[in-house]
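Colleague: Got a minute to walk me through this one? I'd like to start with the chains and then move to the DNA.

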Number of protein chains: 2
Amino acid sequence: MRSDARRSVELVVAAARAAIAEQGLSVSTNEIVKRAGVGPATLYRRFPSRQALLETILLEVVGELVAAAEAAAESPDPFAGFADLVRALAAAQSTNKGLSDALAAESDSAGHSDAVRAAFAGLRDHVRRITERAREAGVLRADLVWQDVPFLAGAAAGMSTRCLGLGAGKAGRERVIAVMLDGLRETGREPLPGSPPS
Amino acid sequence: MRSDARRSVELVVAAARAAIAEQGLSVSTNEIVKRAGVGPATLYRRFPSRQALLETILLEVVGELVAAAEAAAESPDPFAGFADLVRALAAAQSTNKGLSDALAAESDSAGHSDAVRAAFAGLRDHVRRITERAREAGVLRADLVWQDVPFLAGAAAGMSTRCLGLGAGKAGRERVIAVMLDGLRETGREPLPGSPPS
DNA sequence: TCGAAACGGAGAATTATTATCCGTTTCAAG
DNA sequence: CTTGAAACGGATAATAATTCTCCGTTTCGA
C-alpha cells in the first residue's frame, strides 16, 4: 500500500470518528470528507459504502468500552468496580453521540452487522456480571436488576448537553452519577417499585 | 368559520401533536397530513408555515407541563411536591420526543418564538421555587442546586426506550426515578462533587 | 524517468421536504 | 332547492441533501 493511501485512510477514519462522536450516526459522508480534507472518491476507494465505514468506527468505539468494562470487572472492590462501570458507560455515551445512537437503536433492526451485535452482547454480559457481583457482595441494593444499569448510565449521559436552557457539562454529569450511586448503595430502604425476582 | 374547516384544523393539530410526540420536532409535514387524513393544502391554509404549526403544538404541550409544575408547587409536603415535579418532567419528556427535543435545544438558537421562550422561563422558575422550598424545608440534600433538577428528570426520561438492546418502559423509568429520589433525600452523606455555593 | 496507483472535484442519480396551483366537492344562506 | 363562496385533496413545482461514480491530473516509488 502506498504511503499516501495509508495516510488518507487514517485521515478518513479519524475524521469519521470525530464527526460521528459530535453529530451521531446520521452524519453525512460530505461532512466526513470535508473534515478529513480529502475528496469523496478517497473515502469510497477504501470503504465500499458509508455503512461499512460507520461499522468500522463503531467496532473501534464499542471495543474500547468493552475494555473499560473488563477493567471495572477486575476491581478488587465490587462497589468501586460497579461505579467505574457506570461512569465508563456514561462518559462514553456523553462524549460520543454516535455510540449513544447505536446503544439506543434496537439491536435487531437498525441494520447493525453481526460483529457489532456481538460486541454489544459482550458488553451486556459484562454489565450483568459486574452488577451481580456487587449485589451478591451486599454493597448494592438487592432490589436492582442488572437490566436497569445501562439505563441508569445512559440517563446520566443523556444530560450532559442542554436542558431547559441550562447547560451541564462533565461536572454536572458527575453530580448526577453521584446522586444515583448514593441511591444505589445498599443501606436498607423501601424497595423499588416493581420489585426484584427475589 | 365553516364546520368542515374547524374539523380540519382539529384533525391537523391532533395529528401533529401525535406525530411530534412520536418522532420529534423534525417530523415532516407529509407525515402530519397523512396521519390527519387531509391534503397538504389544508395544513397550509390554516398555518402559514410548518414552523407556525410546530409552535402552536409546543405551546400547548409546554403549557400542560407548566400546569403540572404549578400543581406540584402547591403540594403540602415539600418533598412530595418535589418528587411530583421530577416525575412530571420525566413523564412528559419520555412520552413526547418533540418536547424532549425542545428542552434540549439551546434556548437562544433553535429559533424558538418569544412565546415558547417565555413558557420555558416560567417552567424554569417553577423548578427553582419547588427545589428551593424542599431544600429549605430540610428534606432535600443541601448540596443539590436547582439547576441539577431538569437534568435529573431529563435523564430519567431519556431512558424509557431502548439501550444496549434492552427495553425499559414506564416501569423502568419509575425504578430509575425511585433510585434518584432515594439519593436526593436529606439523610446526611458525603457531599456531591462540585459542592454547593453553601 | 515512467507506469501505476491514488487523488480531488464535478456531477449523476436518487430521495426527501416545504409549499403552491387548480379543478372538484361541500357547506350553508336565501 | 339553488347558488356562490369557501374548503378540499392530489399533483407537482422548487429546492435541498445525500450517496456514490467518472475522469483528467498529480504523486509515489521502483
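Modeller: Sure. One term before we start: two residues are in contact if their C-beta atoms, placed from the backbone, lie within 7 Å. And keep in mind that this is a predicted model.

Colleague: Okay, so how many residues of chain A are in contact with chain B?

Modeller: On the chain A side it's 39, and they meet 39 residues of chain B.

Colleague: Which element of chain A gives the most to that side?

Modeller: Helix 9, with 11 residues. Elements that each supply at least two residues there also include helix 7 (114–136), helix 8 (149–158) and strand 1 (162–163) of chain A.

Colleague: And by class, what's on that side of chain A?

Modeller: There are 22 nonpolar residues, along with 9 polar and 8 charged.

Colleague: Switching to the DNA. Which residues come nearest to strand D?

Modeller: S3(A) and R50(A) from one chain, and S8(B), G39(B) and A41(B) from the other, out of 22 residues around DNA strand D.

Colleague: Where does the largest share of that surface come from?

Modeller: Helix 3 of chain B, which gives 4 residues. The whole surface near DNA strand D splits into 8 nonpolar, 8 polar and 6 charged residues.

Colleague: Back to chain A by itself. What's its secondary structure?

Modeller: 9 helices and 2 strands. In sequence order, eight helices are followed by two strands and a final helix.

Colleague: How much of chain A counts as buried?

Modeller: 41% of its 198 residues. The C-alpha trace of chain A spans about 60 × 40 × 30 Å along its principal axes.

How values were computed
Residues numbered from 1 in each chain as written. Chains lettered and ligands numbered in written order. Predicted model: local features only at pLDDT ≥ 70, side-chain atom pairs only at ≥ 80, totals over all residues. Nonpolar A, V, L, I, M, F, W, Y, C, P; charged D, E, K, R; others polar. Near = placed C-beta within 6 Å. Buried ≥ 20, exposed ≤ 12 C-beta atoms within 10 Å, placed from the backbone.
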